[in-house]
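Colleague: I should like to go through this model with you, one feature at a time. Please reason briefly before each answer.

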Amino acid sequence: MGCVKNRWIGWITAVAVVVLGTKPVGAFIGGMMVPSLFGIPSSSSSRESCWRIRPTLNMVSTPDVARKNTVPPPTVPLNPDKNSFAGMVEGALLQNFEASSIQRILDSWRWLDMGYEHYEFVGPQQNPPIPAVTSDTNCFQHAPSFVQGLTARTFWGNENNNNEGDDDNDELSSSSLPEWCRSLEQKYPQIKEEFQRVTSDMESLEKQGNNVWAGALTEEAGSYGTGWRTLVLLDRGMWEPTNVQLFPQTATAIRDCGVPATEVFFASMQPHSDIQPHTDFTNFVLTSHLALDIPENGKNKCRLSVGDDTRQWLNGKVMLFDTSILHDAINEADQTRYILMMRVWHPDLTEPERNALQFIYDALQIPELVSSDPGERFMAQQRLDLAKAFPTFQMKDDTPSLGERKQGKKSKKNIKKQRGGGGKGFGA
């Protein structure tokens, strides 16, 4: 397939390498958590090398850099017969979808191949509108991964507005939030209870979990904020099997509430830390937070700003916002802030467009999906189906869960024996 050019990787721009020891095992790319492509067959070794050298913290785009407007150029079809990865992906898209139903996705993919990055002042799309650029506005979008025609709104809904007497967003009533947000809020007590129980035994969690509270460990990570850590449950539509077994109620709530998630993870933010203004480079996914444990809840100590709008996290409440717009965050409290974070498909996307975007992410994870060899494609699809299947949770009645384990040596020894040598996860 040849070497994937860096500008193609821009469509999934690496913004934070996740490291296990000294070995990179994943990266935030295109606003989504993506494992490094280790294990690709030797026939794709040149492509694998390109993927390995790409993960750098490209996430931060300062307000000065982002203050401009660009116009998407015309696109031309990519040639799938020239043995390029981008062309092969486009060819596979056209085989699996009606071209007219995914034209915006084809344009997005082609713009990436052209190296186009979209910049736009999105103030006029806000409520109330910001009609003109001012020196102090941050209402700018920067999205190299760009689908045209999607609403660029800072926050969706106004129920988390923390400013008493601030009626700026009255027209964005709670009804403007999707129904799954309300359903997830109803699951908050169970999700919080499970989270607090499992994380109460951090020593066991770190031993049994996978990449627990990983941070952005690149040279430029300080620009994003070193106090930010994650624990992944869902990665580009694929469940993280080890961690999901530790948080079965949370995973089940995500599924049952119909969250259109491409990525789900717990995120912590250390006391007296901040995240500098940046964009996440992708406009076809929105970001949502379910506030789990907010120190000094309701006292405006933990805040998120998107564009020119600021909200505080409130326990049990869901926020939905667009991280292709400049945004930043702060925790001024003395304790750590915890949220459940989700990347979700933009509601303006059609079902065929979502499926086409998901196919691209699948192909980036398993390149053999676009192979010219039918046997390779079949095997790749089997791997994909297995990776996406919702996990079966197995809990032995006589095996205590995390947070309930006794700390005595005898108890630990017995537990290890019951669990068949101390394998990871519930019921291992």
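Colleague: Which residues are linked with Glu90 in a network of salt bridges?

Modeller: This is a predicted model, and side-chain atom pairs are counted only at pLDDT 80 or more. Side chains of opposite charge can pair when their charged atoms come close. Glu90 belongs to α4, where it is buried. Its partners in the network of salt bridges are Asp107 and Arg110.

Colleague: How many residues of α4 are buried?

Modeller: Helix α4 has 12 residues and reaches 17 Å from its first C-alpha to its last, close to the 16 Å expected at 1.5 Å a residue. Among its buried residues are Phe85, Met88, Val89 and Leu93. The helix is mostly covered, and the number of its residues that are buried is 9 of 12.

Colleague: Which element gives the most residues to the lining of the second largest pocket?

Modeller: The second largest pocket has a volume of about 420 Å³. Of the 17 residues that line this pocket, the closest to its centre are Ala92, Gln95, Val370, Ser371 and Arg377. The elements that give two or more residues to the lining are α4, α12 (351-365) and α13 (374-388). With 5 residues, the element that gives the most is α4.

Colleague: How do the lining residues of the second largest pocket divide into nonpolar, polar and charged?

Modeller: In this grouping, Gly counts among the polar residues, whereas Ala and Val count as nonpolar. For the lining of the second largest pocket, the division is 7 nonpolar, 7 polar and 3 charged.

Colleague: Is Lys207, which forms a salt bridge with Glu203, buried or exposed?

Modeller: Lys207 and Glu203 both lie in helix α8 (residues 202-208), 4 residues apart, about one turn of the helix. An α-helix has 3.6 residues a turn, so residues three or four places apart point the same way. The closest N and O atoms of the pair are 3.4 Å apart. Glu203 is partly exposed at 44% relative accessibility, while Lys207, because its relative accessible area of 55% is over the 50% cut-off, counts as exposed.

Colleague: Which residue forms a salt bridge with Glu332?

Modeller: Glu332 is partly exposed, at 32% relative accessibility. The N to O distance in its salt bridge is 2.9 Å, and the partner is Arg303. The pair links distant parts of the chain, 29 residues apart: Glu332 is in the loop between β15 (327-331) and β16, and its partner in strand β12 (residues 302-306) is Arg303.

Colleague: What is the N to O distance in the salt bridge of Asp256 and Arg255?

Modeller: Asp256 is partly exposed, with a relative accessible area of 48%. Arg255 is also partly exposed, at 44%. A search of the whole structure finds 13 salt bridges. In the one where the side chains of Asp256 and Arg255 meet, the N to O distance is 2.9 Å.

Colleague: How many bridges join β9 to β16?

Modeller: Strand β9 (residues 261-269) is mostly covered, with 9 of its 9 residues buried. It pairs with strand β7 (residues 228-235) in the antiparallel sense over 7 bridges, and Val232 has Phe265 as its bridge partner in β9. Strand β16 (residues 337-345) also runs antiparallel to β9, and there the bridge partner of Ala261 is Val344. The number of bridges that join β9 to β16 is 8.

Terms used: Residues numbered from 1 in each chain as written. Predicted model: local features only at pLDDT ≥ 70, side-chain atom pairs only at ≥ 80, totals over all residues. Heavy atoms only, no water. Buried < 20%, exposed > 50% of the residue type's maximum accessible area, 1.4 Å probe, protein only. Pairing = 2+ DSSP bridges. 1 Å grid on protein atoms, 1.4 Å probe; cavity = no way out; pocket = protein on both sides within 12 Å on 5 of 7 lines; lining within 4 Å. Points joined across faces, edges and corners; volume = space filled by probe spheres on them. Expected span 1.5 Å × (residues − 1). Salt bridge = Lys/Arg side-chain N within 4 Å of Asp/Glu carboxyl O.
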